[in-house]
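Please open the model in a viewer and keep the sequence panel visible. The tour below proceeds by selection, from the whole chain to single residues.

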Amino acid sequence: MAADADPARRSIGARRNPDSADAILEAAEAVLVEAGYAGFSIEAVARRARAGKPTIYRWWPSKAALLLEVYQRQKRVDVPDTGRLEEDLVGFLKNLFAHWRETSSGSVFRSLIAEAQSDDTASAALADYALGRRSHTGQMVDRARARGEISAEIDSAVVADLIASFAWRHLLTNRLDEDEATIRKAVSYVMSGIAAPGK
C-alpha cells in the first residue's frame, strides 16, 4: 500500500488523526464544489488532500460514507423547541428546505439517495445516517409526549419517518420552494392523527 504523500499527515492507524481527517474533508468539499457529484472521486480527494487512498478508505469505507460526512459537516439546520410540536415540525421543515435549497448539500444528498438504489455500500451508509436522523427528529416527538401533547402510545420513530418522507419527496422532486401554508397543512394532518384526546 502506498504511504501518504505528506509525512505530516501520515495515518496513526485505524484511529483518525484529526488534522488529517479535517484536511481530507476539506479536500472532499472542494472537489465537490469544483467537479460536482459526477466528478467526485476518492482519487481526486486524495490528490488534493495529499493523502493516500488507503488512509481515506481506512476511515471512510466508501465514497458514499465520505460524502455523507461532508453532507453532515455542511448541514446547519436549527431544530426548534417552541413548546408545541406542530410549530417545532413546521419550523424544522422550513429550515431543512431552506438549507437544501440555498446550499450544495441538497444536490449532494439527492445524488447519494440515487446512488443508494444501485450501490450496496451507498445504501448501507444512507441507512445508517437515516437511522440517526430518525432518532434526532423523534426527540421533538418525545418532548411533546412528555408534555402530554400527544397520545402516550405514539411511536416517535414512525412520526419521524412520516416527516422524513415528506421532506425527501420534496428534495427528490426539486420542490424545495414549498410555501409555509403547504408545509403547515401536511404537519397538521400528522398532528390530527397523534394528538392526545382533548388537545
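**Charges and overall form**

Begin with the charged side chains: the protein carries 27 positive and 28 negative ones, and the centres of the two sets lie 2 Å apart. Please bear in mind that this is a predicted model.

Next, display the whole chain as a cartoon. Nine helices and zero strands appear, and from the N terminus on the elements read α-α-α-α-α-α-α-α-α. Along the principal axes, the C-alpha atoms fill a box of roughly 65 × 30 × 30 Å.

Then switch on the surface. About 10300 Å² of the protein is exposed, and carbon and sulfur atoms supply 51% of that area. Of the 199 residues, 45% are buried. If contacts are drawn between residues at least 6 apart in sequence, 69% of them join residues at least 24 apart.

**Helix H2 and its cover**

Select residues 42–49, which form helix H2. Which residues of this helix are buried? They are Ile42, Ala44, Val45, Ala46 and Ala49. To see what covers them, add helix H1 (18–35), helix H3 (53–59) and helix H4 (63–74), which are included in that cover.

Stay in H2 and pick arginine 47. Is this residue buried or exposed? Arginine 47 has a relative accessible area of 63%, above the 50% cut-off, and therefore counts as exposed. A distance drawn from its C-alpha atom to that of serine 107, 60 residues away along the chain, reads 24 Å.

Move just past the end of H2 to arginine 50, where the backbone takes a positive phi of about 55 degrees.

**Glutamate 29 in helix H1**

Return to helix H1 and select glutamate 29. Which residues does it contact, once neighbours within four places in sequence are set aside? The partners to display are Val70, Arg73 and Gln74. For a view along the model, draw a line from glutamate 29 to alanine 186: the two are 157 residues apart in sequence, and their C-alpha atoms are 34 Å apart in space.

**The loop after H5**

Go now to serine 104, in the loop between H5 and helix H6 (105–116). Its relative accessibility is 36%, which lies between the cut-offs of 20% and 50%, so serine 104 counts as partly exposed. The C-alpha atom of serine 104 is separated by 27 Å from that of valine 159, a residue 55 places away along the chain.

**The largest pocket**

Select Ala130, Arg133, Arg134, Ala164 and Trp168 together: these are the lining residues that lie nearest the centre of the largest pocket. The full lining comprises 20 residues, and the space inside is about 350 Å³. Which helices each supply at least two residues of this lining? Colour helix H5 (85–102), helix H7 (120–146) and helix H8 (156–172) to show them.

**Serine 156 in helix H8**

Finish with serine 156, which has its place in helix H8. Why does it count as buried? Its relative accessibility is 15%, under the 20% cut-off, so serine 156 falls in the buried class. Leaving aside neighbours within four places in sequence, display its contacts: Gly138, Val141, Asp142 and Arg145.

Terms used: Residues numbered from 1 in each chain as written. Predicted model: local features only at pLDDT ≥ 70, side-chain atom pairs only at ≥ 80, totals over all residues. Heavy atoms only, no water. Helix = DSSP H or I, 4+ residues; strand = E, 2+ residues; numbered from the N terminus. Buried < 20%, exposed > 50% of the residue type's maximum accessible area, 1.4 Å probe, protein only. Contact = heavy atoms within 4.5 Å. Areas by Shrake-Rupley, 256 points an atom, 1.4 Å probe, with all protein chains shown as cover. Lys, Arg positive; Asp, Glu negative; His and termini not counted. Charge placed at Lys NZ, Arg CZ, Asp CG, Glu CD. 1 Å grid on protein atoms, 1.4 Å probe; cavity = no way out; pocket = protein on both sides within 12 Å on 5 of 7 lines; lining within 4 Å. Points joined across faces, edges and corners; volume = space filled by probe spheres on them.
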